[in-house]
Amino acid sequence: MRIVSGIQPTGNLHLGNYLGAIRNWVSMQDEVAAQGGDSLYFLADLHAISMPHDPATLSANTREMVAALVACGVDPDRSILFNQTQVPQHAELQWLLNGTARMGWLNRMTQWKDKAGKNREGASVALFTYPVLQAADVLLYQATHVPVGEDQKQHLELARDIAQKFNNDFAPKDENGEDVPVFTLPAPIIPPEAARIMSLRDGSSKMSKSDPSDMARINLTDDADTIMQKVKKAKTDPEPLPSEKEGLEGRAEARNLVGIYAVMAGTTMEAVLSDFGGEGFGKFKPALGELLVEKLAPINARFVELRSDRGALDAILRKGSEKARALAVPTLDKAYEALGLVR
Ligand code: ADP
């Protein structure tokens with residue numbers, strides 16, 4: 001089993017990023033290791049240039065994301081953690097696959113349609129060929145499984161189509177005249193339903209780095225006092241908590257806080273409500289604040305220390321990239337050869 005997963009580097013990381021994305025990587029890393037497989041995790045910095053971006057922010061965010069991943073438990077000794085840029089085989093394979101991918105396939109990608117919107121003529125070529133780079137990201141490593149959320153299913157399907165067509169058109173023959181496929185067709189794994197964390201100020205919008213109010217989110221850089229204060233000031237309603245989940249209907253803010261408590265405590269919302277049903281927020285909020293502080297304090301300490309240690313972060317990426325390149329080269333060599341490119 002070999003899983004490959006990427007994330008775009010973003011800054012100002014918050015509880016939503018941790019519970020919705022990073023934590024899944026940590027648990028997959030453990031599950032894959034238990035089966036003797038490999039997990040490759042990369043920062044999709046090459047994808048980041050498909051949209052307008054600020055160069056200084058991109059490099060800062062790339063390093064910040066590494067610090068966050070490691071602080072949250074991605075272990076660079078057990079997983080292969082790297083950025084695309086330092087493994088030029090991603091870009092090389094993308095070019096080779098551009099010969100196989102069809103315009104019609106890419107034109108059908110709903111993300112392309114959404115992101116380019118009405119301004120197709122002004123969108124970057126990179127935005128259009130983005131799914132081919134994604135195909136290269138996983139095919140390069142002969143990934144057997146790729147974790148995909150709902151929004152990425154279509155792109156994985158495309159990666160499989162590209163691999164299939166490339167194998168059909170170019171796979172070399174063995175001595176019995178049988179095709180020797182160049183690429184493995186990766187299977188999707190649907191990650192356990194990711195927690196969707198909402199703003200502390202408005203239960204109908206998601207917690208986001210772009211929310212103008214810092215009180216709306218818990219940042220990975222927040223210290224214990226700040227976390228406590230944000231939880232105590234979180235928007236709620238005057239009713240006590242219900243004892244059953246149904247009682248949270250129409251109470252988005254209460255539901256969000258109970259949901260956060262449940263994931264942080266590793267339990268269910270039902271169990272949280274059976275403990276706190278009938279209690280007011282005056283009792284629930286301090287309990288939630290303490291739980292968050294207890295779980296986030298060690299992450300916060302590692303994160304704050306590591307993000308200022310550029311030498312350590314660059315060393316992590318260098319080491320991960322070396323390991324990734326070693327895995328990538330044999331497949332890329334096969335692809336060049338299959339296409340008849342003389343090297
Ligand atoms: P933001 O909304 O803060 O700009 P990003 O879009 O950069 O966050 O998201 C990075 C990753 O974190 C994505 O995988 C996304 O699904 C996850 N994520 C972001 N916000 C939340 C949230 N509020 N709840 C759950 N997951 C989230």
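Serine 5 stands opposite tyrosine 41, a residue of strand S2. That pair is a good way into this predicted model, in which local features need pLDDT of at least 70, side-chain atom pairs count only at pLDDT 80 or more, and totals for chains, interfaces and linings use all residues. Residues are numbered from 1 along each chain as its sequence is written, and side-chain values use heavy atoms, with hydrogens and water left out.

**The strands**

Strands here are DSSP runs of E with at least two residues, helices are runs of H or I with at least four, and both are numbered from the N terminus. Two strands pair if DSSP finds at least two bridges between them. S1 and S2 run parallel and are joined by six bridges. S2 (residues 38–43) also pairs with S3, again in the parallel sense, over four bridges. In that second pairing, leucine 40 stands opposite isoleucine 80 of S3.

How enclosed is S1? Five of its six residues are buried, so S1 is largely enclosed by the rest of the structure. Buried means under 20% relative accessible area, exposed means over 50%, and partly exposed lies in between, using a 1.4 Å probe and protein chains only. In a regular strand the side chains alternate between the two faces of the sheet. Strand S3 (residues 80–83) is covered on both faces: Ile80 and Phe82 are buried on one side, and Leu81 and Asn83 are buried on the other.

Isoleucine 80 also leads us to a distant part of the chain. Its C-alpha atom is 9.2 Å from that of glutamate 322, although the two are 242 residues apart along the chain. Glutamate 322 belongs to helix H13 (residues 310–338) and is partly exposed, at 48% relative accessible area.

**The loops**

Now for the stretches between these elements. Alanine 44 sits in the loop between S2 and helix H2 (45–48), and counts as buried at 4% relative accessibility. Its C-alpha atom lies 31 Å from that of tyrosine 261, with the two positions 217 residues apart in sequence numbering.

Most residues other than glycine have a negative phi. Asparagine 12, in the loop between strand S1 (2–7) and helix H1 (15–34), has a positive phi of about 50 degrees. Glutamine 142 has a positive phi too, near 55 degrees, and is placed in the loop between helix H7 (125–139) and strand S4 (145–147). What does the side chain of glutamine 142 contact? A polar contact of 2.6 Å joins it to the side chain of threonine 184. Such a contact is a pair of N or O atoms within 3.5 Å; within protein, one must be able to donate a hydrogen and the other to accept it, and residues adjacent in sequence count only if both atoms are side-chain atoms. Glutamine 142 is itself buried, with a relative accessible area of 19%.

**The ligand**

There are 13 residues around the ligand, and His14, Ile197, Lys206, Met207 and Lys209 come nearest. A residue is counted as near if one of its heavy atoms lies within 4 Å. These are polar contacts of the ligand:

| Ligand atom | Protein partner | Distance |
|---|---|---|
| oxygen | asparagine 17, side-chain N or O atom | 2.9 Å |
| nitrogen | methionine 207, polar backbone atom | 2.9 Å |
| oxygen | serine 208, side-chain N or O atom | 3.3 Å |

The protein covers 73% of the 530 Å² of accessible area that the ligand has on its own, as computed by the Shrake-Rupley method with a 1.4 Å probe.
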